[in-house]
Amino acid sequence: MRQRKTVAEKHKTVNGHHEAANGTANGHDYTNGVNGHHGGNGVVETKEHSLLKARCAKDFLARACFVGIFVTENILHATYFDIEIETMVQPALAPLPREAAVCLHLVHIIFGLFGAVFILVSGFDTAGRTALTKGTSMMLVFMSTITWTWWINRHGIPYWTLDPYPFWDVRCSAEKRNRTVHILKNISIVGALTILQQMAKYESQASGAKPSWLEGLVTALRPWSFTALLAPSLVLFASLRCLLQIELPGYTAVFMIMLSGMALQAAANLANSYQDFKKGIDSKETAGDRTLVDGLVSMRLLKTLAAIGLIWWLSFFAWSVVATAYSGVVVGLAVFGSLLAFGYTLGPAPLKYLGLGDLTIFICFGPCWLAYCSQVLVGNLHWEAILLASSVSFYVIATLHANNYRDIESDSRAGAKTVAIRLGPRLSLVYYDLLLLTAHVSALLAGYCYGCAGVLASLSCVPQSLWLSFRIRRRATLRTQDEETAKSAMFFGVALGLGIITMPGTEPSTLALGVCCLVTAVLKVFAD
């Protein structure tokens, strides 16, 4: 017994927790929520007992009852999408244009559906804190926005204009009472979701357990990096539809091209992880990508996931070639972009290690991808939209540079010659600042040239850009600088795209600018 307690004490010392916080009960030692017991070799084995894991059918049923209704609700939202846009969402957002209503309703459905699914999945995962935290965050965004469009400003009639009486007054209308009940119900659901989210965060901070298989899978795919593709695409679609008044082919085609692009990016990310691990660039001490250095997924699974992503992309690529009558432009752009994506770290002369990584990523996620989308979706290359959207790509390059700046030492030992290595630490920081500045300036210049006041909305991200410039200079936060820059790229893309949707002409709108600033602030809160 003494030997067992000594092991527990050492474990507590390493993790910096007080004995009172870990505690002993009924003769059992607990360290960071882990129940210790001796194995046959005399070593204390640990098994995590998360409070958030479903242990019986009742636990899962409780989750299903809590969020199952949201799964059903959002399937119905998707089924009656156009009808709800016309009768509910657009009147609630007036005088904003229909495209703003479409974007918001898509957020309703995606966040509500996936948030509910994440909460259900978290019950099966041994460390479901990640799924639960992200799921509740998505659900909070869903509940906040749906409360406005469905109840506070239902059919474009604000709650406070229904009648002059408070809801407890007998003279209050039945409509106002009904709305009040739903608003209060949604407030209570927000409170319950917040409690769950905080529990997941506290347990995550207190636990020293290895990330679960699901968490490892998410880390391997690096979903936060998908903003490199999503943000420029959003600006492209907004420019085509609202600035140039070109009809997009439909939701299905747009969704499929985005999912296929993300499949290609995921495959390239996994190939990058494999190559950096193989070359010894990623180490336990310095790697931002923890996929292989921490053993979160096996090498076999990593290769399988990369193959699935590549097959998905090739399938869509084949369809796009046939759908565009074997367009040489589509074939050339897709092949060239794919070679750049994988040639970044693979092949006999990886472009990243030759100092061409920044240029490669700019072309790949900027003009090349945007031109491919334009040609496939609307049949022509519209350079006004492509150039407007390319301004977001400077943020994408800043994301890459933040990664390379952090990895200067490990990349140098491997013989790589990234832009960060060539510039050195001091000039690398200046280069990072210039990339963020160029994103804002290029967006404003493009808007001026094409007569679009919506680009002013990108200025709502200036405080975020300044924060990133200070953050990269702090050693304590450098490890996650690339992830934070990627999030900020999404803020920039959303603000710019929403600005183009709401202000496609030469006249700025105070209301539209206010909405863009509000959306940027909400995204910041959600991302944190």
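Here are some exercises on the structure above, each with a worked solution.

This is a predicted model, in which local features need pLDDT of at least 70, side-chain atom pairs count only at pLDDT 80 or more, and totals for chains, interfaces and linings use all residues. Residues are numbered from 1 along each chain as its sequence is written, and side-chain values use heavy atoms, with hydrogens and water left out.

**Exercise 1. Get an overview**

Find how many helices and strands the protein chain has, and what share of its residues is buried.

*Solution.* Start with the DSSP runs: helices are H or I runs of at least four residues, strands are E runs of at least two, and both are numbered from the N terminus. The protein chain has 20 helices and four strands. Next, look at burial, where buried means under 20% relative accessible area, exposed over 50% and partly exposed in between (1.4 Å probe, protein chains only). Of the 528 residues in the protein chain, 49% are buried.

**Exercise 2. Explore the core**

Work out which residues of the largest nonpolar core touch the most other members.

*Solution.* First, the term: a nonpolar core is a set of buried Ala, Val, Leu, Ile, Met, Phe, Trp, Tyr and Cys residues joined through side-chain atoms within 4.5 Å. The largest one has 112 residues, and Leu236, Ile257, Trp369 and Tyr372 touch the most other members. Helix H13 (residues 357-378) gives the most to this core, namely twelve residues. Now take Tyr372 and set aside its neighbours within four places in sequence: its contacts (heavy atoms within 4.5 Å) include Ile257, Trp313, Phe316 and Val330.

**Exercise 3. Describe a helix pair**

Decide whether H10 and H13 are roughly parallel or roughly antiparallel to each other.

*Solution.* Step one is the geometry: helix H10 (residues 251-278) and H13 pack at about 150 degrees, with axes 11 Å apart. Axes here are lines fitted to C-alpha atoms, for helices over the stretch in contact, and angles run from 0 to 180 degrees between N-to-C directions. Step two is the cut-off: angles under 35 degrees count as roughly parallel, over 145 as roughly antiparallel, 65 to 115 as roughly perpendicular and the rest as oblique. H10 and H13 are therefore roughly antiparallel. Step three is to list residues: the contact includes Ile257 and Met258 of H10, and Trp369 and Tyr372 of H13.

**Exercise 4. Place Ala54**

Say where Ala54 lies, and whether Ala54 is buried or exposed.

*Solution.* Begin with its place: Ala54 is in the loop between strand E4 (44-48) and helix H3 (57-79). Its relative accessibility is 17%, so Ala54 counts as buried. Then look along the chain: Ser122 is 68 residues away from Ala54, yet their C-alpha atoms are separated by 8.2 Å. Beyond its neighbours within four places in sequence, Ala54 is in contact with Asp59, Phe60, Arg63 and Gly123.

**Exercise 5. Spot the unusual backbone**

Find which residues a cis peptide bond joins, and describe phi of His155 and Ala325.

*Solution.* Keep a rule in mind: most residues other than glycine have a negative phi, and most peptide bonds are trans. The cis bond joins Ala94 and Pro95, with omega about 15 degrees. Pro95 sits in the loop between helix H4 (81-93) and helix H5 (98-121). Phi of His155 is positive, near 55 degrees, and His155 is partly exposed at 42% relative accessible area. Ala325 has a positive phi of about 60 degrees, and its relative accessibility of 61% counts as exposed.
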